[in-house]
Amino acid sequence: PMTETTLIRRQTTADRGVKAVTTHDVLACIKELTGETFSTRELANALMVRHENIDYGRLEYSVRQSIVWLMRRGYVRAAKGAVKRYTKSHEPYWATVYESVEKSEPCDVCLLNRIFFGV
């Protein structure tokens, strides 16, 4: 027989549906930005327009995770120094800003072999 013990579940993961953006979404958003530098908050604000069904806190957390992944792989780097930004209530805060790194596509060795060696 089943016991009457209540099921323990984590509220942060159970039944929440899609609550994050992918690193691909973040990278596409970075390529669409017009400024030279950007912060994670600016990326989250830009992505919030497309993903209004996602909680802003979780979306910004996903953006931060994606930035770390992109930095480790050389797509993004931290810009020199922090930049003074302002909240909606005009209170100043310091934010780390990032810049995109131009990254070339991987070399196609098979194509080069066909060109130079006729293989």
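Helices α2 and α3 are oblique to each other, as their axes cross at roughly 125°. The model in which this crossing appears is a predicted one. The protein chain has 119 residues, of which 21% count as buried, and it contains 4 helices and 3 strands. The points below begin with the helix pair and then turn to the chain as a whole, individual residues, the cysteines and the last helix.

**The packing of α2 and α3**

- Two packed helices are described by the angle between their axes and by the distance between those axes.
- Helix α2 covers residues 40-50 and helix α3 covers residues 56-72; their axes come within 9 Å of each other.
- An angle of roughly 125° falls outside the range of 65 to 115 degrees for roughly perpendicular axes and is not over 145, the limit for roughly antiparallel ones, so the pair is classed as oblique.
- The handedness of the crossing between α2 and α3 is right-handed.
- On the α2 side, the contact is formed by T40, R41, L43, A44, N45, L47 and M48.
- On the α3 side, the contributing residues are Y56, L59, E60, V63, R64 and I67.
- Sorted by class, this contact comprises 8 nonpolar, 2 polar and 3 charged residues.

**The chain as a whole**

- From the start of the sequence to its end, the helices and strands follow the pattern α-β-α-α-β-β-α.
- Among contacts in the protein chain with a separation of 6 or more, 52% join residues that are 24 or more positions apart.

**S66 and T23, a contact between α3 and α1**

- S66 is located in helix α3, and T23 belongs to helix α1, which spans residues 23-32.
- S66 has a relative accessibility of 3%, and it is therefore counted as buried, the cut-off being under 20%.
- T23 has a relative accessibility of 23% and therefore counts as partly exposed.
- When neighbours within four places in sequence are left aside, S66 is in contact with T22, T23 and V26.
- Under the same exclusion, T23 is in contact with S66, W69 and L70.
- T23 and L70 are 47 residues apart along the chain, yet their C-alpha atoms are separated by 7.8 Å.

**A78 in strand β2**

- A78 is placed in strand β2, which runs over residues 76-86.
- With a relative accessibility of 39%, A78 counts as partly exposed.
- Not counting residues up to four places away in sequence, A78 touches M71, V97 and Y98.
- A78 and T96 are 18 residues apart in sequence, and the distance between their C-alpha atoms is 7.2 Å.

**Cysteines**

- The structure holds 0 disulfides.
- C29 counts as buried because its relative accessibility is 2%.
- C110, by contrast, counts as exposed because its relative accessibility is 51%, and the exposed class begins over 50%.

**Helix α4 and the residue after it**

- Helix α4 consists of the 9 residues 109-117, and the number of them that are buried is 0, so this helix lies largely in the open.
- Just after α4 comes G118, which takes a positive phi of about 65°.

Definitions and conventions:
Residues are numbered from 1 along each chain as its sequence is written. This is a predicted model: local features need pLDDT of at least 70, side-chain atom pairs count only at pLDDT 80 or more; totals for chains, interfaces and linings use all residues. Side-chain values use heavy atoms; hydrogens and water are left out. Axes are lines fitted to C-alpha atoms, for helices over the stretch in contact, and angles run from 0 to 180 degrees between N-to-C directions. Helices (H or I, at least four residues) and strands (E, at least two) are DSSP runs, numbered from the N terminus. Angles under 35 degrees count as roughly parallel, over 145 as roughly antiparallel, 65 to 115 as roughly perpendicular and the rest as oblique. A crossing is left-handed if the near helix is turned anticlockwise from the far one by less than a right angle, and right-handed if clockwise. Contact means heavy atoms within 4.5 Å. Ala, Val, Leu, Ile, Met, Phe, Trp, Tyr, Cys and Pro count as nonpolar, Asp, Glu, Lys and Arg as charged, and the others, Gly among them, as polar. A disulfide is a pair of cysteine sulfur atoms within 2.5 Å. Buried means under 20% relative accessible area, exposed over 50%, partly exposed in between (1.4 Å probe, protein chains only).
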